[in-house]
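Visitor: I'd like a close look at one single part, please: the place where two of the chains meet. Take it slowly and tell me what sits around it too.

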Amino acid sequence: MSTELPEPASKITLKPGVGGGGEIQQFNITLRVRRYLPETTADAYWEDFELTMYGTDRVLDALHKVKWEHDGSLSFRRSCAHGVCGSDAMRINGRNRLACKTLLKDLDHSKPITVEAIKGLPLEKDLIVDMEPFFQSYREIMPFLVNKDHEPSTERYQSAEDHAKFEDTTKCILCAACTSSCPVFWTDGQYFGPAAIVNAHRFIFDSRDDAGDMRLEILNDKEGVWRCRTTFNCTEACPRGIQVTQAIAEVKQAILARSI
Amino acid sequence: MANTEIQAPRSGRIDPKYNRAKTSRGSFEMLAWLFMRLSGVALVVLIFGHLFANLMVGDGINGLDFGFVAGKWADPVWQFWDLALLWLAMLHGTNGIRTIINDYAEKALTRVWLKGILYVATAVIIVLGTLVIFTFDPCLVDANNVPLPGAICHA
Amino acid sequence: MQVHKYDVVIVGAGGAGMRAAIESGQRARTAVLTKLYPTRSHTGAAQGGMCAALANVEEDNWEWHTFDTIKGGDYLVDQDAAEIMAKEAIDAVLDLEKMGLPFNRTPEGKIDQRRFGGHTRDHGKAAVRRACYAADRTGHMILQTLYQNCVKHNVEFYNEYYVLDLLMVEEDAFREDGTAYKQKRVAGVVSYDLATGELHVFQAKSVIFASGGAGKVFKTTSNAHTLTGDGMGIAFRNGIPLEDMEFFQFHPTGLAGLGILLTEGARGEGAILRNSEGERFMERYAPTIKDLAPRDIVARAMANEVREGRGCGPKKDYVLLDLTHLEPAHIEAKLPDITEFARTYLGVEPFTDPVPVYPTAHYAMGGIPTNIDTQVLQDNDTIIPGLFAAGEVACVSVHGSNRLGTNSLLDINVFGKRAGVSAAKYALGADFVELPEDPEAFTINQISSMLTSTGTERVAPIRAELQEVMDANVQVFRDEKSLNEALEVIEALRVRYKNVSVQDKGKRFNLDLLEAIELGFLLDMAEVMTTAAMHRKESRGGHYREDYPDRDDENFMKHSMCYKDDSATTEGISGIRMETKPVIFTRYQPMERKY
Amino acid sequence: MSKTSSGTLYRGREGMWSWVGHRVTGVVIFLFLLVHVLDTSLVRMSPGAYDAVIGTYKNPLMALGETALVAAIVFHAFNGLRLILVDFWKRGPKYHRQILWGVLALWIITMAAFAIRHLSLAFGGH
Ligand SMILES: Cc1cc2nc3c(=O)[nH]c(=O)nc-3n(C[C@H](O)[C@H](O)[C@H](O)COP(=O)(O)OP(=O)(O)OC[C@H]3O[C@@H](n4cnc5c(N)ncnc54)[C@H](O)[C@@H]3O)c2cc1C
Ligand code: HEM
Ligand code: SF4
Ligand code: F3S
Ligand code: FES
């Protein structure tokens with residue numbers, strides 16, 4: 001983009017109260033966590049924690065508060081704390097969310113806030129599941145650019161329109177919120193799942209890629225795109241706002257178009 | 001010092017205990033999926049026509065009897081209509097149930113059994129229904145060639 | 001315990017680690033050990049861009065880039081390294097593009113470029129478009145692309161394996177002048193499998209450290225919870241020096257109170273900073289490039305505005321990042337993620353309202369010293385055969401006292417690649433070094449003492465106090481008093497740390513235990529940073545001493561090297577020895593740094 | 001597969017519940033279809049037998065059942081068309097929720113019309 005902008009004003013009058021501020025809200029919540037400690041108890045159970053939290057706190061902060069002040073054995077994954085690494089997908093009030101992107105103030109405090117591990121992947125401990133089956137599906141769809149042409153000495157050109165065709169699906173952070181919200185995936189865990197399809201989409205529609213056919217072939221499997229029942233749970237769950245079901249539909253159509 | 005050298009993984013955890021059950025290439029699932037949509041569209045017309053003709057016009061459900069059926073099937077259009085409806089609905093429904101069995105039957109063996117029962121039932125119903133439509137004769141007679149009560153026989 | 005043997009072992013699967021793995025994985029038997037799933041690494045959080053003088057949108061060349069890097073680092077940059085980085089930048093970007101990275105494009109379909117702080121045309125004449133980007137998720141795309149290529153090349157990952165110790169042996173050796181010294185050699189690493197709680201020893205000919213930064217020593221930081229300086233800490237404890245640790249970058253635009261980063265790319269696209277009076281105050285601090293001045297300058301300007309009472313909000317403790325004069329569609333296209341951060345976390349609509357921001361701890365310029373081939377140095381010039389480091393954990397010194405935005409994504413690609421190549425090359429021509437007796441003894445002892453400790457101290461309060469004091473005393477403004485206070489607190493916390501116990505006694509996914517171990521690294525790093533800051537009695541780049549506000553080339557135009565040495569005392573801190581190392585100059589002589 | 005997380009019911013939204021509805025109605029219709037073909041086959045046996053069975057369909061209680069069945073069919077049919085739109089129309093996935101409201105509205109209208117006619121016939125008798 002090379003539009004030159006005019007210099008902004010050196011000084012402006014700010015609207016009063018601009019930039020937020022004001023007193024920081026404080027509130028009490030009950031955090032109801034689905035615990036599972038395989039080394040001490042055979043079954044999962046619920047445990048409640050009463051916490052005092054503040055305006056900008058997220059569910060992740062509440063979990064940290066429990067871990068740091070109440071019970072150090074509470075286990076969950078997290079890293080970036082602002083929704084870009086995909087570590088902390090979990091079921092919050094019955095829906096898959098990232099704990100670090102779910103503000104407590106947006107939830108109903110009159111009822112306990114329930115937090116559980118995502119469904120459909122083997123439960124390891126508390127909120128931690130085995131991600132290996134998930135990544136296995138991801139790896140199976142050949143998630144990498146394949147280009148058979150001669151390597152150019154500069155970059156490969158790509159028009160902005162071609163780029164736009166797959167930009168949405170490049171945003172995926174592999175958090176598994178989608179796959180583990182999918183009723184079909186819950187059944188036997190064999191379905192490739194929306195995340196794998198999203199990542200296949202990212203390459204199938206990349207004008208620089210030559211292996212789209214192979215990926216379509218892979219997803220034309222009995223556990224592939226045709227198992228999707230368009231329940232849209234994946235799209236609702238995706239913290240990156242990826243239009244997952246749309247992407248799956250595009251892949252289905254690509255397979256159809258290619259076979260007919 | 002223990003010297004148990006283990007084979008390293010190519011990727012993932014040390015022991016990828018998970019693997020997708022054998023994959024099936026080929027386009028059966030795609031065709032099944034496509035069939036569900038195509039037959040769905042056709043079924044809308046067929047079923048709505050069927051329901052309308054049987055339940056809405058004339059006396060509605062009260063008009064249904066042997067004579068009504070006989071009247072309808074005297075017309076080859078209705079014969080064909082009901083035949084298409086039978087086949088499409090059965091195949092559509094069977095494939096739908098097949099999907100559901102695939103989803104929820106956990107053991108491979110249960111799957112095989114349930115699907116076996118399903119396919120047999122489907123085959124029986126389709127064959128039976130087809131025979132009924134094609135071999136239908138409004139003039140039903142008993143063993144002595146006497147028309148049954150209610151049968152419609154033109155001389 | 002299990003023992004694995006590899007030619008090359010890479011510690012860390014961020015940008016640097018995976019870039020190295022792609023190279024070495026194709027040449028030698030390579031394992032990547034990472035405490036996080038590779039795609040969780042913090043490289044994915046990087047937003048703004050990766051620069052290279054591609055000259056796709058306007059005239060540019062790599063020498064200007066070199067100059068900007070050196071000037072940006074306030075001349076404490078090793079110029080040979082900076083030249084290499086700027087020159088290899090172009091290929092680094094093209095490599096990524098060929099691996100599939102979906103860069104934003106110019107109308108002709110080339111990689112698009114945008115402005116970034118401190119990057120100029122012709123030695124400071126005007127801001128230049130040099131940063132290649134993919135919206136405001138460049139780091140995400142780099143991390144994903146590198147991971148994808150690791151999958152393509154079948155790189156072997158050991159996910160959720162925490163490396164807790166480095167195994168080295170020392171041999172007697174002689175320098176050319178005949179003096180005797182102890183030559184360190186690397187034998188492998190010890191790691192802890194999070195899922196099972198088992199220890200695994202990895203014997204390797206080459207070990208590459210690529211474990212990222214240490215931002216969690218501060219409270220307000222853009223860094224992930226997992227960036228706890230493990231790699232630096234492990235090296236330091238094993239007698240390897242740490243270079244230039246007093247230089248920590250504070251990024252100007254963190255979301256106020258939270259530290260979540262809003263990329264400099266926002267200012268690159270035209271956003272500006274304002275104080276409570278609505279003034280565009282950067283006009284006063286950097287008249288030429290204003291809001292696009294290097295980060296240290298902008299961060300100090302902001303802190304100064306707040307100190308002088310022109311901060312906003314009820315506590316007057318932040319300034320505003322104003323995007324309201326920009327076209328919403330343009331913002332949406334170029335900066336979709338950060339506008340969402342402002343909405344999600346502060347409830348501010350950036351199209352209509354300016355966003356509260358304040359400097360946030362962002363990047364460690366210092367780290368494990370290496371040469372331009374990423375070989376780790378055990379002193380000013382002796383390399384440790386087989387040991388390599390790249391990325392934020394390392395200090396080749398391309399960033400000097402202040403890193404320019406977009407130079408780190410570049411650093412991890414250029415030097416990550418070099419590390420992979422060098423490590424594989426070394427491994428193919430070398431033998432395994434015999435593992436020391438009981439290689440895991442130290443780690444077992446460390447773990448079991450934490451698990452069995454009856455101490456009453458908990459990890460969280462110690463860490464919180466450490467972070468508070470670092471934020472209050474070792475941030476953008478420092479002086480002797482504040483640093484002394486910090487050191488006192490750190491020492492007290494170290495004593496308490498000895499008495500720490502963990503609640504989770506299990507073996508599976510014992511993150512409680514690992515947080516305790518990480519806290520040990522944080523304490524070490526805080527101590528090193530503060531001591532080094534105390535030692536450098538001048539102001540330069542990211543290190544600003546109010547009691548010594550000027551740059552002092554005469555006494556301090558040199559890198560600081562911080563050693564763990566139980567027999568030494570520095571600035572009243574026992575166990576630390578400070579030395580210096582000359583800066584390498586090639587063609588640019590120090591000038592006053594003005595923008 | 002080892003144990004996965006149990007716990008609360010997943011709180012899916014319109015997409016998930018419409019799918020549950022589609023699945024349940026599909027099964028119900030299928031089961032009815034099996035029976036319906038069997039009873040219709042009686043036309044091959046004897047008019048009396050057929051009329052007797054059909055007669056049972058005509059009592060008012062059954063009429064309610066028939067209405068429910070037709071409701072199931074109509075929902076399944078309209079929602080099936082919605083699914084086809086989602087699959088083949090470019091903007092289908094985006095507007096799937098709006099289409100669902102449309103489906104439900106049409107469904108209610110259709111059922112109201114049907115129920116009035118059918119129930120008045122059934123209850124009104126001859
Ligand atoms: C919010 C943010 C935005 C940024 N934006 C930009 C930008 O626009 N441009 C730019 O150039 N730079 C930017 N940076 C800086 C840049 O992203 C980082 O410096 C760089 O990504 C560091 O990469 P790395 O590979 O060294 O480390 P990381 O990506 O942090 O990876 C560290 C790896 O080491 C592993 N690890 C750590 N400790 C251990 C251990 N004990 N055992 C095993 N494994 C371990 C981790 O699992 C991880 O895989 C940004 C940084 C942040 C925080
Ligand atoms: C009236 C017109 C009909 C239409 C438009 C229609 C449409 C559809 C469509 C599109 C699907 C696929 C759903 C998916 O893949 O997610 C489907 C599934 C199904 N249909 Fe129909 N259908 C109709 C009639 C019937 C009939 C008459 C039966 C019973 C015999 C039936 C039974 C099923 C079953 C059991 C499923 C599987 C449900 C599932 O997998 O969740 N349908 N229908
Ligand atoms: S598509 Fe969305 S929900 Fe699914 S893994 Fe990617 S980011 Fe997560
Ligand atoms: S939740 Fe599952 S059914 Fe399809 S639309 Fe999403 S993959
Ligand atoms: S902690 Fe990184 S996505 Fe939530």
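Guide: A salt bridge here is a side-chain nitrogen of Lys or Arg within 4 Å of a carboxyl oxygen of Asp or Glu. Glu124(A) and Arg508(C) make one, with their closest N and O atoms 2.9 Å apart. That's a handy way into the contact between chain C and chain A, which has a count of 8 salt bridges. Bear in mind that this is a predicted model, where local features need pLDDT of at least 70, side-chain atom pairs need 80 or more, and totals for chains, interfaces and linings use all residues, while side-chain values use heavy atoms, with hydrogens and water left out. Residues count from 1 along each chain as its sequence is written, and chains are lettered from A and ligands numbered from 1 in the order in which they are written.

Why this pair of chains? Of the 5 pairs of chains that touch, A and C have the most contacts (heavy atoms within 4.5 Å). Chain C puts 83 residues into the contact and chain A puts in 78. Together they bury about 6900 Å², with 50% of that on carbon and sulfur atoms; buried area is the accessible area (1.4 Å probe) that two parts lose on being put together, summed over both. Arg40(C), Lys98(C) and Tyr345(C) stand out here: they supply 11% of what chain C buries against chain A, more than any other three residues.

Besides the salt bridges, 36 residue pairs are in polar contact across the interface of chain C and chain A, both residues at pLDDT 80 or more. Such a contact is a pair of N or O atoms within 3.5 Å; within protein, one must be able to donate a hydrogen and the other to accept it, and residues adjacent in sequence count only if both atoms are side-chain atoms.

So which parts of chain C do the touching? Elements that each supply at least two residues to its side facing chain A include α3 (79-99), α4 (138-152), β13 (319-322), α10 (336-346) and α15 (511-535) of chain C. Helices (H or I, at least four residues) and strands (E, at least two) are DSSP runs, numbered from the N terminus. α4(C) gives the most, with 7 residues. By class, the side of chain C that touches chain A has 28 nonpolar, 24 polar and 31 charged residues; Ala, Val, Leu, Ile, Met, Phe, Trp, Tyr, Cys and Pro count as nonpolar, Asp, Glu, Lys and Arg as charged, and the others, Gly among them, as polar.

Chain C also has some sheets to look at. One is an open sheet of 3 strands in the order β3-β5-β4 of chain C, with antiparallel pairing; strands pair if DSSP finds at least two bridges between them. Its edge strands are β3 (50-51) and β4 (113-121) of chain C, each pairing on one side only. β3(C) is joined to β5 (residues 126-132) of chain C by 2 bridges, the two running antiparallel. There, Met50(C) stands opposite Cys132(C) of β5(C).

Another open sheet of 3 strands in chain C has the order β10-β19-β20, again with antiparallel pairing. β10 (242-243) and β20 (573-582) of chain C each have a single partner strand, so one side of each is left without a neighbour in the sheet. Strand β19 (residues 558-570) of chain C and β20(C) run antiparallel and are joined by 9 bridges. Follow the rungs: His559(C) stands opposite Lys581(C), and Met561(C) opposite Glu579(C). The β19(C) and β20(C) hairpin has 2 residues between the strands, and Glu571(C) takes a positive phi near 50° in it.

What about chain D? Chain C doesn't touch chain D, and their nearest C-alpha atoms are 15 Å apart. Chain A, though, shares ligand 2 with others, as that ligand lies between chains A, B and D. A nitrogen atom of ligand 2 is 2.7 Å from an N or O atom in the side chain of His92(B), and an oxygen atom of ligand 2 is 2.8 Å from one in the side chain of Arg23(D).

Conventions
A residue is near a molecule or strand if one of its heavy atoms lies within 4 Å of it.
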